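Trainee: I would like to take a close look at one part of this structure, the place where the two chains touch. Could you walk me through that part slowly, together with the pieces that surround it?

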Amino acid sequence: MKEFLMLIREDANYGELSAEEMQACIEKHYRWVEELTEKGQFKEAQPLEAGGAHIRGKQRIVSDGPFLEGKECVSGYYILLAESLEEAIEIAKGNPDLDWDRAVEVREIMPMED
Amino acid sequence: MDTSGQLAAHFFREHSGRMVASLARVYGMEHLDAILDAVQDTFETALTHWRYHGPPHHPRAWLSRVARNKLINALKHASRHHHVGDTEALLHDVSTTDPDPWPADEANTDGQLQLLVACCHPALGERDRILITLHILCGFGIPELANALQMKTEAVKKAVQRSKALLRQKTPNLRQLNLADAARQSPTVCTILYLVFNEGYKATRNAKGIDFDLCYEALRLAKLLHTAAPAEAEVDALLALMFFGVARFPARLAAYGDWIPLEDQNRSLWDQQLIAEGFRYLDQAQHSGYAGNYYLEALIASHHCAAPDFEATDWKAIHHLYQLLENLEPASTLIRLNRLIAKSYAIGPLPVITELETIAVDGTPGIAFLLAATKAHVYQRAGNTTRARAAYEEALSLAQNPLDSQLIRKRMEAI
């Protein structure tokens with residue numbers, strides 16, 4: 001079993017979502033993760049705080065980073081369990097975030113070779 | 001992930017009004033904007049966290065705590081920037097002297113009621129009252145309101161701003177509004193809830209047919225009003241009317257979204273439990289001798305609900321009730337039209353044709369279409385296919401949504 005990192009990218013502006021839609025979004029995720037857990041495909045998931053810092057280069061230049069409202073940035077991550085990238089992609093396609101037009105990125109976590 | 005399970009249906013929407021009411025009671029209506037922002041913000045935070053971790057064990061307490069903290073932070077921030085001075089003292093006061101800033105359910109119901117009465121303030125126009133009630137008590141956002149009431153987003157935004165300013169000004173302290181006031185103002189509130197319900201029920205402008213959300217919210221708020229004014233027959237009658245309406249929703253629309261006229265509805269789809277609720281409220285209204293328009297409308301609906309099939313409908317009684325309703329509202333073309341339809345089933349289509357032809361169209365939205373469609377159907381039943389066809393053509397040209405056009409085409413094919 002391999003581990004895959006799934007990053008959620010979205011512009012963190014929920015202003016247009018109604019209360020009903022927000023609730024629907026939460027419920028869809030809840031059911032989806034429950035399903036993944038049953039199949040043994042879920043390891044963990046965490047949201048990321050919208051703020052943060054971007055530090056670059058030898059000068060250690062600190063900037064606010066691309067976390068401005070209205071810009072797409074990473075809003076959270078999942079660790080998925082799958083046999084192959086193909087399988088991980090199929091799992092990722094089930095993420096309800098896609099129904100709200102967000103984007104996800106799936107990458108295999110490279111284990112240390114023995 | 002948490003295993004606390006699913007949220008109740010409409011949990012967020014209902015808690016939106018609940019939280020606004022609690023916060024407005026404790027911190028005052030003058031902070032209405034900050035309160036609404038804090039509540040919206042709280043839902044966004046919930047969306048961020050619950051999406052990953054599932055809802056917490058006590059979602060209600062979680063929302064309340066987060067909303068309160070957000071509001072306190074916002075108010076502190078504002079006082080720091082504008083030197084309001086005593087906000088800090090107010091915040092301090094509240095957190096130390098109020099042992100339970102999150103009142104139990106009963107008090108919270110009162111809070112929502114007080115807010116409901118405030119939103120139905122007579123100084124606001126009818127449409128503004130509908131908008132602000134849905135916005136503040138039901139958590140409808142601006143785009144949602146624009147969509148539900150077929151208005152431009154900008155117009156909704158302006159109306160809501162205007163109403164909020166007036167509410168801040170007219171209702172500085174919700175605690176001063178007591179339940180007796182709420183009961184006294186129940187007729188105004190009833191009018192607004194009746195309009196919200198009809199807005200959801202009427203099919204004239206909406207491709208969906210019925211906007212269940214609006215009807216559901218009107219029903220929920222009417223039940224809330226009933227807790228303050230249980231002795232008001234008008235509220236009972238309104239609730240009866242609403243229950244008879246929602247009970248029949250499942251049969252009104254086909255799975256593929258077409259209208260199904262009363263005579264073709266599968267009555268086994270009517271929700272008998274909701275109908276029973278309707279009769280319970282109708283019973284309560286009956287004992288008071290109140291005979292206003294909600295009561296008459298509820299009685300008419302009760303006759304439909306009680307009929308085992310279309311042929312068994314007591315059209316004579318319904319016709320009589322429409323006559324009484326017409327006496328109350330002589331200017332309403334819609335009521336007159338409905339009376340004639342009832343009469344056509346009670347004694348036959350021919351006797352109503354003359355009167356149908358004399359009806360002039362008034363300003364009621366969609367009335368021209370209804371009139372043409374009614375004429376067509378009556379002519380069809382009277383065997384005058386030429387007249388029927390012409391009237392259907394006219395109705396088709398007046399139809400304002402695909403469901404109506406679809407129904408007319410079907411009827412034309414049947415000639």
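Mentor: What follows goes from chain A as a whole to its side that touches chain B, and then to some helices and unusual residues.

Please keep in mind throughout that this is a predicted model. Chain A has two helices and six strands, and when you read along its sequence they come in the pattern β-α-β-β-β-β-α-β. Its C-alpha atoms fill a box of roughly 50 × 45 × 20 Å, taken along the principal axes. Of the 114 residues in chain A, 21% count as buried, and of the contacts in this chain with a separation of 6 or more, 74% are between residues 24 or more positions apart.

Now to the part you asked about. On the side of chain A, 18 residues are in contact with 22 residues of chain B. The elements of chain A that give two or more residues to this side are helix H1 (19-38) and strand S2 (42-47), and it is H1(A) that gives the most, with eleven residues. By class, this side of chain A consists of nine nonpolar, six polar and three charged residues.

Strand S2 of chain A deserves a further look, as it also belongs to a sheet. That sheet is open and has four strands in the order S2-S5-S1-S6 (chain A), with antiparallel pairing. S2 lies at one edge and strand S6 (103-108) of chain A at the other, so that each pairs on one side only, and neighbouring strands of the sheet are turned by 20 degrees against each other on average, direction ignored. The partner of S2(A) is strand S5 (residues 72-82) of chain A, which runs antiparallel to S2(A) and is joined to it by five bridges; for one of the residues, A:Phe42, the bridge partner in S5(A) is A:Leu80.

In chain B, helix H1 (11-27) is a good place to begin. Its 17 residues should span 24 Å at 1.5 Å a residue, and its end C-alpha atoms are indeed 24 Å apart, which agrees. Because 15 of the 17 residues of H1(B) are buried, this helix is largely enclosed by the rest of the structure. In the segment before H1(B) you find B:His10, whose phi is near 60 degrees, a positive value in a residue other than glycine; B:His10 is partly exposed, with 18 other C-beta atoms within 10 Å. After the helix comes B:Gly28, which has a positive phi too, near 100 degrees.

Chain A has a comparable case in A:Arg60, which is not a glycine and yet has a positive phi of about 55 degrees. A:Arg60 lies in the loop between strand S3 (54-56) and strand S4 (61-63) of chain A and is exposed, with 7 other C-beta atoms within 10 Å.

Finally, chain B offers a clear example of two helices that cross. The axes of helix H6 (residues 126-138) and helix H10 (residues 186-201) of chain B come within 10 Å and cross at roughly 80 degrees, which makes H6(B) roughly perpendicular to H10(B). Where they meet, B:Glu126, B:Arg129, B:Ile130, B:Thr133 and B:Leu134 come from H6(B), while B:Ile192, B:Leu195, B:Val196 and B:Glu199 come from H10(B). This contact has five nonpolar, one polar and three charged residues.

Note on methods:
Residues numbered from 1 in each chain as written. Chains lettered and ligands numbered in written order. Predicted model: local features only at pLDDT ≥ 70, side-chain atom pairs only at ≥ 80, totals over all residues. Contact = placed C-beta atoms within 7 Å. Nonpolar A, V, L, I, M, F, W, Y, C, P; charged D, E, K, R; others polar. Buried ≥ 20, exposed ≤ 12 C-beta atoms within 10 Å, placed from the backbone. Axes fitted to C-alpha atoms, helices over the stretch in contact; angles between N-to-C directions. Parallel < 35°, antiparallel > 145°, perpendicular 65-115°, else oblique. Expected span 1.5 Å × (residues − 1). Pairing = 2+ DSSP bridges.
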